[in-house]
Amino acid sequence: MHHTRISIPRAGLGAGVLLLALAASAGTATAAGPSTWTAMAGTGDATGVAANRFYPASITIDAGDTVTWKAAGNAHVVAFIPAGQTPPAPDSPTTLAPAGGSSFDGTALVSSGLMVPLPPGATPPPGLVGSYSLTFPTAGTYQFHCLIHPGMVGTLTVQAAGSAYPQTQAQLDATAASAAAADIATGHALEAAYKTSVTTNADGTKTYNFAAGLGKDNIEILRFITGKSNLRVGDSIVWTNYSSGEPHSVSFGTEPQGPAADGPSGGSTYPASGFVSSGLFFGAPLPGSHTYRLTFTKAGTYKYFCVLHDIIGMVGSVNVTAAPVATLPPTSTAPVAASSGGSDTGLPWALMALGLAGAVLSLGRLARRVSR
């Protein structure tokens, strides 16, 4: 999917909002003409936890009412799809573009286009929106979807105009806040449970296994999960995307503009000239490679990022130090007894072979090919 660079602030639901919502009085509300309701498309916090769900997931309104969804935690698309119509694929260019008018009666697809979280009063970048309002003139039950996050689905029930509402806005807010808080807590538990690992290769180098995002049931960690990242020359890192549908990249250097940022670039070793990147890749069970491997051939400190989520803090750094220099074992100064053949052997052959093997290990680091 060719992405548009966007600024996604670190958004979440504050404790004060939750307390105010929970303090709202219970009971139904009587319709007094068309009303406007607010809801959230996604949620998230400053640590990179993002839930790709609607809050609340179910809303009941009257015909003629309007609902406004605001994006939070990540970018989203809110779309209503008529029965029997196939939605555009997540990587289709039309997925990110707005469609239809300002109302939905069940007969034609309508879509917000790409929505991004915005601070209060902020103006969205050109071609993007921070919220989406839609009016519903016709009674019925409709599903709404995020077109870029499969499985992110909600239900809207439109009852006859003038019907009593089964909830107030405050009660909707309370339901949304409770569900969002539970999902964020689940995200933190998911991150805490993940453990990095390291293996030692036959040539003495090491391979570090890190996560490029984590996810389960549409709850995502938009971060690189790493343990110790102090490597030696010749060591490698394998990043695996463990998300439940979120694409990520592992990218080094200066990001190019346009679609070139989305594809793989460079070789299997670093440093290298230009932009070096895995390209966008997904977690299982989605098709394609789920891992990216890079071998480090020179000492230095190198920063990397996800081309989609670096703005919200999905960045990393690896420090590479020089590999130890192999040296031959010290030679003995004691006189060496003559062999039966009458020649001086000097350094015992076994020790000489050991020293040569060490030199070979120090100098011969084979490049790893990126798993595709």
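Before I start, one definition: two strands are said to pair if DSSP finds at least two bridges between them. Please also keep in mind that what we are looking at is a predicted model.

With that in hand, look at β3 and strand β9, residues 153–159, which pair in the parallel sense over five bridges. One of the bridge positions you can find for yourselves is Ser58, whose partner in β9 is Thr155. This pair belongs to an open sheet of five strands, running in the order β3-β9-β8-β5-β6, and the pairing in that sheet is mixed. Because β3 (58–62) and β6 (110–111) stand at the edges and each has a single partner strand, one side of each is left without a neighbour in the sheet. As a general reminder, strands of a sheet pair through backbone hydrogen bonds, either parallel or antiparallel.

Let me move to another sheet, also open and also built from five strands with mixed pairing, where the order is β13-β20-β19-β15-β17. Here the edge strands are β13 (230–232) and β17 (276–277), each with a single partner strand, so that one side of each has no neighbour in the sheet. Strand β15, residues 251–252, runs antiparallel to β17, and two bridges join them; in β17, the bridge partner of Ser251 is Ser277.

Now to β12, residues 219–225: how many of its residues are buried? Seven of its seven residues are buried, so to speak the strand is mostly covered. Strand β2, residues 49–55, runs antiparallel to β12 and is joined to it by three bridges, with Val49 standing opposite Ile221. Strand β11, residues 206–216, is also antiparallel to β12, through five bridges, and there Ala212 stands opposite Phe224. β11 and β12 form a hairpin with two residues between them, and in that turn Asp217 has a positive phi of about 55 degrees.

Finally, the nonpolar cores. The largest of them has 37 residues, and those with the most contacts inside it are Trp69, Phe80, Phe136 and Leu156. Among the elements that give two or more residues to this core are β1 (36–44), β4 (66–71) and β8 (140–146), along with β3 and β9. Which residues does Leu156 touch, if we do not count those up to four places away in sequence? Its contacts include Ile59, Ile61, Val67, Phe80, Phe136 and Phe144. A second, separate core has 27 residues, including Phe210, Trp239, Leu280 and Tyr302.

Methods:
Residues are numbered from 1 along each chain as its sequence is written. This is a predicted model: local features need pLDDT of at least 70, side-chain atom pairs count only at pLDDT 80 or more; totals for chains, interfaces and linings use all residues. Side-chain values use heavy atoms; hydrogens and water are left out. Helices (H or I, at least four residues) and strands (E, at least two) are DSSP runs, numbered from the N terminus. Buried means under 20% relative accessible area, exposed over 50%, partly exposed in between (1.4 Å probe, protein chains only). A nonpolar core is a set of buried Ala, Val, Leu, Ile, Met, Phe, Trp, Tyr and Cys residues joined through side-chain atoms within 4.5 Å. Contact means heavy atoms within 4.5 Å.
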